[in-house]
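Student: Please take a close look at one part of this model: the charged side chains and their surroundings. Keep it brisk, and give me the cut-offs.

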Amino acid sequence: RNPLPVVRVTPSMPRPGEKIQFSWSLKGSVSRLDTLAVYLEGSEIARYRRGTKTVTDDNVFFQEILCDFDSRGDFRTGEAEILLSADTVPTMKTDHNQIEWSVLFNGTISKWPDLRETFTLPVFAGRPQKNSPYG
């Protein structure tokens, strides 16, 4: 089996202007991994009609590398701190538009399908909590 990340995020309902503690552990055949990169990504998804077809455009407007490992064994567990700026656009979904935040795990495995896992990270609208650096 390919390795599978198990993710923990604190606080569980992050808001713009807050620090997020993000940690993971990899289950399964971690020894197969040659490299591992973990990204935070924000994207806008727009659905619209073009003639009789529905078209979906996905535009990545934010990408930050949280961790990038290139030697075996360094990545069985890990953690990162994510600082959401006060002007971060929160997660939202309407009939035709969507803002989505995700954490992506990309790992290479020799002679085997690579690791590609995505975890949705909802960012809630509202004021930062009292422990926020922007609070």
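**Charges and their setting**

Tutor: Start with the charges of the protein chain: 17 are positive and 17 negative, and their mean positions lie 7 Å apart. Lys and Arg count as positive, Asp and Glu as negative, while His and the chain ends are not counted. Each charge is placed at NZ of Lys, CZ of Arg, CG of Asp or CD of Glu.

Some ground rules come next. This is a predicted model, where local features need pLDDT of at least 70 and side-chain atom pairs count only at pLDDT 80 or more, whereas totals for chains, interfaces and linings use all residues. Residues are numbered from 1 along each chain as its sequence is written, and side-chain values use heavy atoms, with hydrogens and water left out.

Now the frame that carries the charges. The protein chain has 0 helices and 8 strands. Here helices (H or I, at least four residues) and strands (E, at least two) are DSSP runs, numbered from the N terminus. The order is β-β-β-β-β-β-β-β. The C-alpha trace spans about 50 × 45 × 20 Å along its principal axes. The accessible surface comes to about 8400 Å², and carbon and sulfur atoms account for 49% of it. That area comes from the Shrake-Rupley method with a 1.4 Å probe; for residues, only the protein chains shown count as cover. Of the 135 residues, 36% count as buried. Buried means under 20% relative accessible area, exposed over 50%, and partly exposed in between (1.4 Å probe, protein chains only).

How many salt bridges does the structure hold? There are 2. The criterion is a side-chain nitrogen of Lys or Arg within 4 Å of a carboxyl oxygen of Asp or Glu. In general, side chains of opposite charge can pair when their charged atoms come close.

Take Lys19 and Glu81. Their side chains meet in a salt bridge at 3.9 Å, N to O. Lys19 lies in strand β2 and Glu81 in strand β5, so this pair ties together parts that are 62 residues apart in sequence. Lys19 is partly exposed, at 41% relative accessibility. Glu81 is partly exposed too, with 45%.

The two strands are also paired directly. β2 and β5 (residues 77-83) run antiparallel to each other, with 7 bridges. Strands count as paired if DSSP finds at least two bridges between them. Within this pairing, Trp24 stands opposite Gly78 of β5. β2 (residues 19-27) has another partner, β1 (residues 4-10), again antiparallel over 7 bridges. Val9 faces Phe22 of β2 there. Pro11 sits in the loop between β1 and β2. The Thr10 to Pro11 peptide bond is cis, with omega about 0 degrees.

Now Asp114 and Arg116. Their side chains form a salt bridge at 3.8 Å, N to O. Asp114 is partly exposed, with a relative accessible area of 33%.

What does Gly107 contact beyond its neighbours within four places in sequence? The partners are Leu33, Thr35, Leu36, Asp114, Leu115 and Arg116. Both residues of that salt bridge are therefore on the contact list of Gly107, where contact means heavy atoms within 4.5 Å. Gly107 belongs to strand β7 (residues 97-109). Gly107 counts as buried because its relative accessibility is 0%. Thr56 is 27 Å from Gly107, C-alpha to C-alpha, with their positions 51 residues apart in sequence.

The loop between β7 and β8 (115-120) holds another charged residue, Lys111. Lys111 has a positive phi of about 55 degrees although it is not a glycine. Is Lys111 buried or exposed? Lys111 is exposed, because its relative accessible area is 86%.

Two uncharged sites round out the surroundings. Ser43, in strand β3 (residues 33-50), counts as buried at 6% relative accessibility. Its contacts beyond four places in sequence include Asp58 and Glu100. Thr91 lies in the loop between β5 and β6 (92-93). Thr91 is partly exposed, at 31%. Among the contacts of Thr91 beyond four places are Ile99, Trp101 and Leu121. Trp101 is 10 residues from Thr91 in sequence and 6.7 Å away, C-alpha to C-alpha.

Last, the chain-wide contact count. Among contacts between residues at least 6 apart in sequence, 66% join residues at least 24 apart.
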